[in-house]
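Subject: A structure for you to look at

Hi,

Here is the structure I promised to pass on. Have a look at it first, and then read my notes underneath.

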Amino acid sequence: MAGVEAKIMQNPPPKKSPKSPLAAQICLRLLGAAASLSAALVTITSKQTVILYGVQIDAQYTYSSAFT
């Protein structure tokens with residue numbers, strides 16, 4: 001029995017990691033999701049009007065082939 005106890009004392013159980021890195025990761029993911037959502041809303045709701053040679057031209061995100 002003395003040999004088993006000596007091995008247990010040599011290999012202590014691993015320490016639990018603190019939860020602060022997990023909380024930071026969750027906060028950063030939520031911040032990124034909120035930033036992406038706000039950027040999408042700004043892109044969808046923005047409208048521009050340009051007068052070029054006396055002709056009024058409207059620009060919307062749906063007119064771009066990259067966003068369709």
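Below is what I found, going from the whole chain down to single residues.

Before anything else, keep in mind that this is a predicted model.

**The whole chain**

The protein has 2 helices and 2 strands. If you start at the N terminus and walk along, the order of the elements is α-α-β-β. The chain has 68 residues, and 0% of them count as buried. About 6,600 Å² of the protein is exposed, and 67% of that comes from carbon and sulfur atoms.

**The two strands**

How do β1 and β2 pair, parallel or antiparallel? They pair in the antiparallel sense, and 5 bridges link them. Together β1 and β2 make a hairpin, with 2 residues between them. To see who faces whom, find glutamine 48: its bridge partner in β2 is alanine 59. Another pair to look for is isoleucine 51, which stands opposite glutamine 56 in β2.

**The turn**

Now zoom in on tyrosine 53, which sits in the loop between β1 and β2. Its phi is positive, at about 55°, although tyrosine 53 is not a glycine. Is this residue, tyrosine 53, buried or exposed? Tyrosine 53 counts as exposed because its relative accessible area is 80%, and the cut-off for exposed is over 50%.

**A nonpolar patch**

Tyrosine 53 also belongs to something bigger than itself: together with Val50, Leu52, Val55 and Ile57, Tyr53 forms a nonpolar patch on the surface. Taken together, these residues have about 530 Å² of accessible area. Which elements give two or more residues to the patch? They are β1, covering 48-52, and β2, covering 55-59.

**Threonine 49**

The last stop is threonine 49, which you will find in strand β1. Threonine 49 is partly exposed, because its relative accessible area is 47% and partly exposed means between 20% and 50%. What does threonine 49 touch, once you leave aside its neighbours within four places in sequence? Its contacts are then Gln56, Ile57 and Asp58. With aspartate 58 there is also a polar contact, where the two side chains come to 3.2 Å. You can try one distance yourself on the screen: from the C-alpha of threonine 49 to the C-alpha of glutamine 60 is 9.0 Å, although the two are 11 residues apart in sequence.

One general point may help while you turn the hairpin around. In a regular strand, side chains alternate between the two faces of the sheet.

If you want a place to begin, go to the loop between β1 and β2 and pick out tyrosine 53. From there, step into β1 until you reach threonine 49, and look for its polar contact with aspartate 58.

Have fun with it, and write back with anything that puzzles you.

Cheers

Key. Residues numbered from 1 in each chain as written. Predicted model: local features only at pLDDT ≥ 70, side-chain atom pairs only at ≥ 80, totals over all residues. Heavy atoms only, no water. Patch = residues over 30% accessible without salt bridge, like charges linked within 9 Å, V, L, I, M, F, W, Y side chains within 5 Å. Areas by Shrake-Rupley, 256 points an atom, 1.4 Å probe, with all protein chains shown as cover. Salt bridge = Lys/Arg side-chain N within 4 Å of Asp/Glu carboxyl O. Helix = DSSP H or I, 4+ residues; strand = E, 2+ residues; numbered from the N terminus. Buried < 20%, exposed > 50% of the residue type's maximum accessible area, 1.4 Å probe, protein only. Pairing = 2+ DSSP bridges. Contact = heavy atoms within 4.5 Å. Polar contact = N/O pair within 3.5 Å; in protein donor to acceptor, adjacent residues only side chain to side chain.
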